Amino acid sequence: MGAKTGLLVYADGEVPGLLRSVGAAGNLDRTVTMMRRLYPGWEIAQCKGSNLRDGAYPPKGTVYAASWPGVEVIGDQEVMIDAPSRLPEHLLAASAGRRLVLHATHSVVDWLAFAVWEDGRLVRSLSLSPESGIIENIGEPLPFELPYWAGDRPAGTPWPGEEEEPYALPFHPIELGEDALRALCGFIQEGRLQPDDVDADAIELYGFRARDPYGRGPADLESKLRRAVEDIDAPRRYTLSPDGSLVERDGL
């Protein structure tokens, strides 16, 4: 499958420690209540569940989720938005007094996005891919990022004589994404496990079919907004000529 995530975590503290202390499965009634709160007006039906490792990237239209006292987990492709700072307001409002972590990756296009809010205040957001470059970079880099920005974790370069172009970014987003997932959520999808990693395979998530009858998923809304902005023509400037007619000016 490769590294793919669409993950939101609401927590009353550091997520890794909280996830290490939860039972295998959260409370179903509590989880359903959370789903109703985070997907208001949506049609929701329970389906087969998953675990934290695989459920971090569910099929389209499916949400994997679980709620425990102190921490709630949602896996949903709809939260895989290019600019995490534009997370829908009702999802952000649900984090009042809590920490909120967003983690999204797609290894096919080497895209990574993650963000951290504290009591609704955005502390850090980063989104980048080799095709789009840095899409969003808000706040100071977190400790796990520093080796990447310092050049200590460079992306691979072509062998001498190869025609392949050098990698478009100074480091590989998916490598940073795995370190971000471990630091922010306590587990990884690829790479070598460490003794204190959360056993993501053992944490069960409930499955839900979730459909907005009006087709207003967060990712859809962001896509429509982006297309609308792109369709806006560049501003045109005019000056008044001596005869009273408007003459368009070149440049600014």
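These are legends for four close-up views of the structure above. The model is predicted, so local features need pLDDT of at least 70, side-chain atom pairs count only at pLDDT 80 or more, and totals for chains, interfaces and linings use all residues. Residues are numbered from 1 along each chain as its sequence is written, and side-chain values use heavy atoms, leaving out hydrogens and water.

**View 1. The nine-stranded sheet.** Here's an open sheet with antiparallel pairing and the strand order 2-9-3-4-1-5-6-7-8 (strands are DSSP E runs of at least two residues, helices H or I runs of at least four, both numbered from the N terminus; two strands pair if DSSP finds at least two bridges between them). Strand 2 (43-51) and strand 8 (133-138) sit at the edges with a single partner strand each, so one side of each has no neighbour in the sheet. From one strand to the next, the twist averages 15°.

**View 2. Strands 1 and 5, with helix 2.** Strand 1 and strand 5 (residues 99-106) run antiparallel and are joined by eight bridges. Look for leucine 8 opposite leucine 102 in strand 5. Helix 2 (residues 28-38) packs on the sheet, touching strands 1, 2, 3, 4 and 9 (contact means heavy atoms within 4.5 Å). Its direction makes about 120° with that of strand 3 (axes are lines fitted to C-alpha atoms, for helices over the stretch in contact, with angles from 0 to 180 degrees between N-to-C directions).

**View 3. The largest nonpolar core.** This core has 34 residues, with Leu19, Trp68, Phe114, Leu184 and Cys185 making the most contacts inside it (a nonpolar core is a set of buried Ala, Val, Leu, Ile, Met, Phe, Trp, Tyr and Cys residues joined through side-chain atoms within 4.5 Å; buried means under 20% relative accessible area, exposed over 50%, partly exposed in between, with a 1.4 Å probe and protein chains only). Helix 6 chips in five residues, the largest share. Beyond its neighbours within four places in sequence, leucine 19 touches Leu52, Trp68, Val71, Val73, Cys185, Val198 and Ile203.

**View 4. Two aromatic pairs.** Tyrosine 39 and tryptophan 42 have ring centres 5.1 Å apart and planes at 75°, so they pair edge-to-face (rings of Phe, Tyr and Trp, using the six-membered ring of Trp, pair if their centres lie within 6.5 Å; planes under 30 degrees apart are stacked, over 60 edge-to-face, the rest tilted). Tryptophan 149 and phenylalanine 171 are edge-to-face too, with centres 5.0 Å apart and planes at 85°. Tryptophan 149 is partly exposed at 32% relative accessible area, while phenylalanine 171 is buried at 1%.
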